[in-house]
Amino acid sequence: MPRYVLAVRGGLLAALLLFSPLVNGMTSAAHAAAPADALMPIEKYTTEKAKSLANTHRLRLLEFSEQIYNCMPWLFVYPGRLGFPREKENGGDDRYLSTWIWVDQREDPVFAKLPQERRASAMFSRYGVDMLRRMAALSDVVDDSDVAGLSVVVSWLKPGTTRPGQKAVNETLALFVDKATAADFLAKRVAAEEFVSRARFNLFDGETLVGRVPLQVWEDSFNSTYKLSNYDPPKGAQCQ
Amino acid sequence: MRAWLSLASFLGGIVLLTSACATSEEWSEWRGHTTHFASGTHGMFSMRNNKDGSNPRVARTDVDAARAENWWGKAITVSPEQIFQN
């Protein structure tokens with residue numbers, strides 16, 4: 001091989017070695033912005049009440065987003081879907097502290113065999129309730145008189161839709177509940193059945209509204225106790 | 001004859017139920033802390049942890065990179081406007 005070709009190759013390799021940390025650093029920086037991306041931009045809110053809530057509690061929501069991002073990498077908060085939206089069917093301006101998460105999970109044959117409403121029950125019990133608990137713990141936010149309740153939206157891949165050549169589909173459960181019911185349920189003063197009867201929720205199959213399904217809620221500590229093997233949270237992350 | 005038909009339908013029903021739905025044993029396994037369920041990301045962790053046996057550490061940025069290369073964001077999903085008003 002001619003010497004100049006070797007020289008050029010050597011130079012390219014050196015350039016790659018020199019610049020790759022920079023490129024990696026830039027990539028990391030872009031990903032590091034993810035927790036902030038989860039917050040709904042203030043300019044998107046349509047009422048002063050909502051804008052005020054978003055301004056007042058921005059730092060707390062950012063901390064909340066960082067905790068999910070750093071400590072629960074199997075979850076993903078949809079960009080702009082952590083904030084204070086109102087329920088679509090609600091004509092007033094009742095604002096809910098709301099988080100929309102996507103659960104990263106592989107195809108699982110047992111999960112795939114479950115009827116759709118059972119899958120919704122399982123995902124809400126496992127992830128939705130824990131999200132409600134974590135949001136309820138933001139007492140300064142929840143105690144704000146302009147916050148009417150809590151909302152959690154959980155999306156996951158519909159089993160069997162990830163095969164090659166198919167378009168993947170997410171199933172989504174969106175739930176809204178008033179503050180008092182949420183607090184009573186989490187403190188076990190209200191039974192799961194009563195919580196379900198008071199909550200307003202809908203299941204979606206892709207973009208299609210399935211509606212209110214027979215939701216069952218049970219104890220599932222997975223999300224609060226699971227530790228991903230070999231996973232190192234970013235330095236400084238406070239994971240509980 | 002009728003008794004045989006009833007028995008056959010009963011057994012057929014059991015076969016159908018156990019094949020179409022998760023058995024209670026499978027269900028309880030799922031409800032337990034299964035590591036295969038919440039994997040962190042599709043295939044990435046099992047690939048990194050199991051194939052070469054070296055169990056390298058996984059950082060948050062690895063999860064982002066794996067997701068960026070995957071299809072998660074392309075799945076058909078309900079639009080926020082079907083759920084919320086801003």
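In the predicted model, strands S5 and S6 of chain A run antiparallel and are joined by six bridges. Within this pair, A:Ala174 lies opposite A:Asn202 of S6(A), and A:Phe176 faces A:Arg200 of S6(A). Strand S6 covers residues 200-205 of chain A, while S5 spans residues 170-178.

On S5(A), pairing also takes place with S4(A), residues 147-157; these two strands are antiparallel and share nine bridges. A:Phe176, the residue opposite A:Arg200, is the bridge partner of A:Ser151. A further bridge of this pair links A:Leu157 with A:Asn170 in S5(A). S5(A) is mostly covered, with eight of its nine residues buried.

S6(A) continues into a hairpin with S7(A), in which two residues separate the strands. One residue of the turn, A:Gly206, has a positive phi of about 65 degrees. The two strands of the hairpin are antiparallel and are connected by three bridges, one of which pairs A:Asp205 with A:Thr208 of S7(A).

These strands belong to an open sheet of six strands in chain A, ordered S1-S3-S4-S5-S6-S7, in which the pairing is mixed. Its edges are formed by S1 (75-83) and S7 (208-211) of chain A, each of which pairs on one side only. On average, and with direction ignored, neighbouring strands of the sheet are turned by 20 degrees against each other. Helix H6 of chain A, residues 116-136, packs on the sheet and touches S1, S3 (95-103), S4, S5, S6 and S7 of chain A. The direction of H6(A) makes about 135 degrees with that of S4(A).

The largest nonpolar core contains 57 residues. The members that touch the most others are A:Ile101, A:Val103, A:Met123, A:Val154, A:Leu173 and A:Leu175. H6(A) provides the largest share of this core, with nine residues. In soluble globular proteins, nonpolar side chains tend to be buried together.

The surroundings of A:Leu175 were examined further. When neighbours within four places in sequence are left aside, A:Leu175 is in contact with A:Phe124, A:Gly128, A:Ser151, A:Val152, A:Ala199 and A:Phe201. Among these contacts, A:Ser151 is also the bridge partner of A:Phe176.

Definitions and conventions: Residues numbered from 1 in each chain as written. Chains lettered and ligands numbered in written order. Predicted model: local features only at pLDDT ≥ 70, side-chain atom pairs only at ≥ 80, totals over all residues. Pairing = 2+ DSSP bridges. Helix = DSSP H or I, 4+ residues; strand = E, 2+ residues; numbered from the N terminus. Axes fitted to C-alpha atoms, helices over the stretch in contact; angles between N-to-C directions. Contact = placed C-beta atoms within 7 Å. Core = buried A, V, L, I, M, F, W, Y, C linked by C-beta atoms within 7 Å. Buried ≥ 20, exposed ≤ 12 C-beta atoms within 10 Å, placed from the backbone.
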